[in-house]
Amino acid sequence: MSLSLTHSGNNIENEKTSLINMVYNYDWSSTLLGPMDSWEPALKTATNLCLKSVFPIGLYIGPPDWIVLYNEAWIPIIKSKHPNALGKPLKEVLPEIYDILISQFEEIRKTRKGIFQKDGYFELNRDGYTEEAYLNYTFSPIYKSDGTVYAIFSPAEETTQRVLDTRRLKLLGKVGRQVSEIESLESACRIMTKALSSNTDIPYALIYFVNHKLNAGSGSESLIARLIATTFEDSSIPDYLPDAPKIIYLDNDVNNSCDSYIELKREAATYSFLKCNSWPIHLVMKEGNNIKVLLKDESQAVLVPTKISSSEGQVLSIILIYGINRLRTLDEPYMEFLQFSNIEADQLNPYYRETNIIELTLELASDFKNLAKTLGLNYDIEIPYPDEFNQEVNNKIYLDHDMYETIIYNLCSNALKHTWNGRITIRLNLEYRNDKKMVVLEVSDTGVGIPETALPNIFQRFYRVEFQGSRSHEGTGIGLALVKELIARHGGEITVTSKVNQGTTFKCWFPLGCEHLPKNQIYFNKLENPINRDQESYSNRQLYLEESSQWKKNNTSEVIDVTINQVLFDNNNIDDNKMLVDNCQIVNEKYQILLVDDSNDMRDYLSVLLTEFDLYRACDGQDALQILKKLKKLPDLILSGK
C-alpha cells in the first residue's frame with residue numbers, strides 16, 4: 001500500500017505510532033474512498049493534520065457512508081468502539097446518534113458552512129451501556145476539487161465531567177442556600193427533598209428515620225424505620241420502585257427477599273449491586289455502609305446511612321435512598337457528590353449564641369502575633385472606636401464559636417502563607433450592605449495577591465491557585481470554600497479584592513440579630529468563656545499554628561525555637577496532657593480516630609465528615625507520636641494523608 005501522505009519519520013516516532021500505522025496500512029480500497037493514492041489533496045492534508053495533532057480530531061469522509069477516521073486523542077471519546085471503528089461507515093460506528101449527525105452533515109452540505117456546538121448532548125453507547133456525554137465540537141466542510149463537500153473535519157473536546165460538576169455544584173448550592181429555613185430535623189428533610197425534585201443526578205429520594213424502641217419486659221431493642229420525606233408528590237411511589245411503607249419494623253423485615261450481589265462491569269471498574277425486591281434498610285443498619293441496589297426494572301439506587309446528633313445529645317440514624325441517573329455510572333465522583341449532599345443537608349450542627357465579637361476576635365487573631373513577628377511581618381488587630389462599636393452591637397450578634405474560629409484561622413493562615421513583606425491587618429468595623437447594618441471582619445495582607453482571572457473561582461470547592469511566591473504550595477482548594485459555607489450559615493457573605501504583588505483583602509459580612517438563623521440552633525444563655533476549650537478546639541488551633549510555624553525555616557537561615565504550646569496556652573493555664581486524658585475518659589464510648597495530614601484545609605473538611613467520632617488531629621508524624629504518648633489507649637483508626 002502506497003503511503004502517499006507526507007510526514008516526518010522523526011515526528012512519527014515521537015507519537016503513539018500504533019494508530020498512525022493502522023491508518024496508513026488500512027485497506028482503504030475496500031471502502032468507497034478507494035486507495036490513499038487516489039484521495040483528493042485537501043483530504044490528504046486534513047488526514048495528515050488529524051494524525052499529527054495532539055487534540056482530538058475525527059474525520060467523516062465520503063457521503064453517503066461517511067467513513068470514520070480519527071487520531072490517537074480521539075480514542076477516549078469513542079472508548080471501546082476503537083479499533084473496530086476505523087474505516088467503518090458512520091452508521092456502524094455511532095448508530096445511537098446517526099440520525100442527529102446525518103441531519104447536521106446534510107445542513108453543512110446544503111449551506112457549505114461549518115457549525116460549532118458547545119456542550120452538545122449525546123447518549124452514547126461506548127462500553128456496552130448507554131451514558132450521557134457532552135462535547136464541544138465543530139463540523140467544518142472539506143471540499144473536493146469540484147467544490148462539493150466531501151468530508152467533515154471535526155475537532156472535539158469531551159466536557160462531560162465539567163458539565164456534571166457544574167450541575168451537581170448548582171444543586172449543592174441550592175440546598176446550602178436553604179439551610180437558614182430549617183426549623184427542625186423534619187423540615188430539613190422536606191427542604192432537601194424539595195430541592196432534589198426534578199433533579200437529573202438524583203431523580204428521586206426517600207428519607208427514613210430509624211427509631212430505637214425498647215421492648216417492655218424483655219429489655220430488648222426493636223428498630224422501627226419511619227418514612228419522613230420523599231421527592232414524590234403525596235408520597236405516591238411509582239410502580240417501578242419497591243414499596244416504601246410509612247413504617248417498617250426492621251426486625252420483621254430481615255427475611256424479606258434480597259438476592260445475591262450482581263457485578264456490573266464498567267469502563268474503569270466492576271461494581272457490585274444487591275438485587276432486591278424491597279429496600280434493604282435492615283442490612284444498611286446492620287453493616288453501617290452504603291449499599292447499592294439493582295431494582296426490578298434494572299435501574300439503580302443507593303442507600304446511604306448517616307447519623308445526626310440532636311441538641312439533647314441523642315444520635316439519630318437516618319437512611320437516605322437516592323435514585324441514580326440511568327445514564328451515569330455510580331462511580332467514585334458520583335458517590336462523592338452524594339456524600340457532599342449529606343454535608344450540605346445537616347453534617348454541621350451549629351450552636352449560635354450571643355457573642356462579644358471584639359473579645360472573641362482579639363483572642364483568636366492574637367494567636368498569630370508571635371509567628372508574624374518571627375516572619376518579619378507587621379501584624380495589626382484594629383478595632384476603630386471599640387466603645388462605640390460595642391455600644392452599637394451590644395452583643396446582639398450570634399456566632400457559632402467553632403465555625404468563627406475556623407474562619408479566623410483559615411484567613412489568617414492564608415495571609416501568612418502568601419505574604420513575605422509588609423503587614424497583615426485584622427480589622428472589625430460596622431458597615432451597611434443592602435441597607436442593613438452588618439459587622440465586617442476584614443483580613444488584609446500585602447502579599448503576592450490573586451490573579452484577576454482566578455477571583456471568580458476562588459471560593460469554589462477544590463479550586464486551587466498556584467501562587468508562585470507563596471511559602472507553601474500544599475492545599476486542596478477546600479479552605480476558602482469551607483469559609484464561605486460557614487459564613488453563609490451565619491446568614492453572611494464573603495467578598496475578596498486583590499491585586500498581584502500588592503495584596504489581598506477578604507471581608508466577611510455578619511448580620512446583627514438572630515432572625516436570620518434557624519430557631520432551634522439559637523442559644524440565648526451567655527457563657528463566660530467565649531472559646532470552646534475542648535480537645536477538638538485545642539487540636540484545631542494548635543495545628544494551624546504548627547503548620548504555619550514550619551514556614552519559619554524558609555524565612556531565616558536559623559530555626560528559631562518558638563514553642564506552639566506556649567503561644568497557645570501562656571495566658572490560659574491549661575494542662576494539655578490532662579485535657580487529653582480527661583477527654584478519653586469522658587467519651588470512651590465513641591470510636592477514636594487520629595487524623596494525620598499536613599493540610600489544614602483537608603483536616604477541616606474531614607473533621608466535618610467525622611463528627612460522630614472522637615477525633616484527634618496531627619499535622620505530621622512527629623506531632624502524631626506526641627499525641628499517641630498522651631492517650632491512655634491507641635486509637636481505633638489512624639487516618640493519614642500519606
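A residue counts as exposed when its relative accessible area is over 50%, and as buried when that area is under 20%. The model described here is predicted. This briefing covers helix 6 and then a few unusual backbone spots.

**Helix 6: length and sides**

- Helix 6 runs over residues 98-111, which makes 14 residues.
- At 1.5 Å a residue, helix 6 should span 20 Å, and its end C-alpha atoms are 20 Å apart, so the expected span and the model agree.
- The buried residues of helix 6 are Tyr98, Leu101, Ile102, Gln104, Phe105 and Ile108.
- These residues cover an arc of only 165° around the axis, which means that they are on the same side of helix 6.
- Asp99 and Lys110 lie on the other side of helix 6, where both are exposed.

**Helix 6: surroundings**

- The buried residues of helix 6 pack against three strands that follow it in number, namely strand 3 (115-125), strand 4 (130-143) and strand 5 (149-158).
- They also pack against strand 1 (57-61) and helix 5 (90-93).
- Arginine 112, just after helix 6, takes a positive phi of about 60°.

**Positive phi in loops**

- Most residues other than glycine have a negative phi.
- Lysine 79 is not a glycine, yet its phi is positive, at about 50°.
- Lysine 79 sits in the loop between helix 4 and helix 5.
- With a relative accessibility of 16%, lysine 79 counts as buried, because the cut-off is under 20%.
- Aspartate 435 is not a glycine either, and its phi is positive, at about 65°.
- The loop that holds aspartate 435 lies between strand 17 (423-433) and strand 18 (436-445).
- Aspartate 435 has a relative accessible area of 78%, so it is exposed.

**Cis peptide bonds**

- Most peptide bonds are trans.
- The bond from proline 63 to proline 64 is cis, and its omega is near 10°.
- Proline 64 belongs to the loop between strand 1 and strand 2 (67-70).
- Histidine 82 and proline 83 are also joined by a cis peptide bond, with omega about 10°.
- Proline 83 is in the loop between helix 4 (75-78) and helix 5, and lysine 79 is placed in the loop between these two helices as well.

Technical notes: Residues numbered from 1 in each chain as written. Predicted model: local features only at pLDDT ≥ 70, side-chain atom pairs only at ≥ 80, totals over all residues. Heavy atoms only, no water. Helix = DSSP H or I, 4+ residues; strand = E, 2+ residues; numbered from the N terminus. Expected span 1.5 Å × (residues − 1). Buried < 20%, exposed > 50% of the residue type's maximum accessible area, 1.4 Å probe, protein only. Arc of directions from axis to C-beta. Contact = heavy atoms within 4.5 Å.
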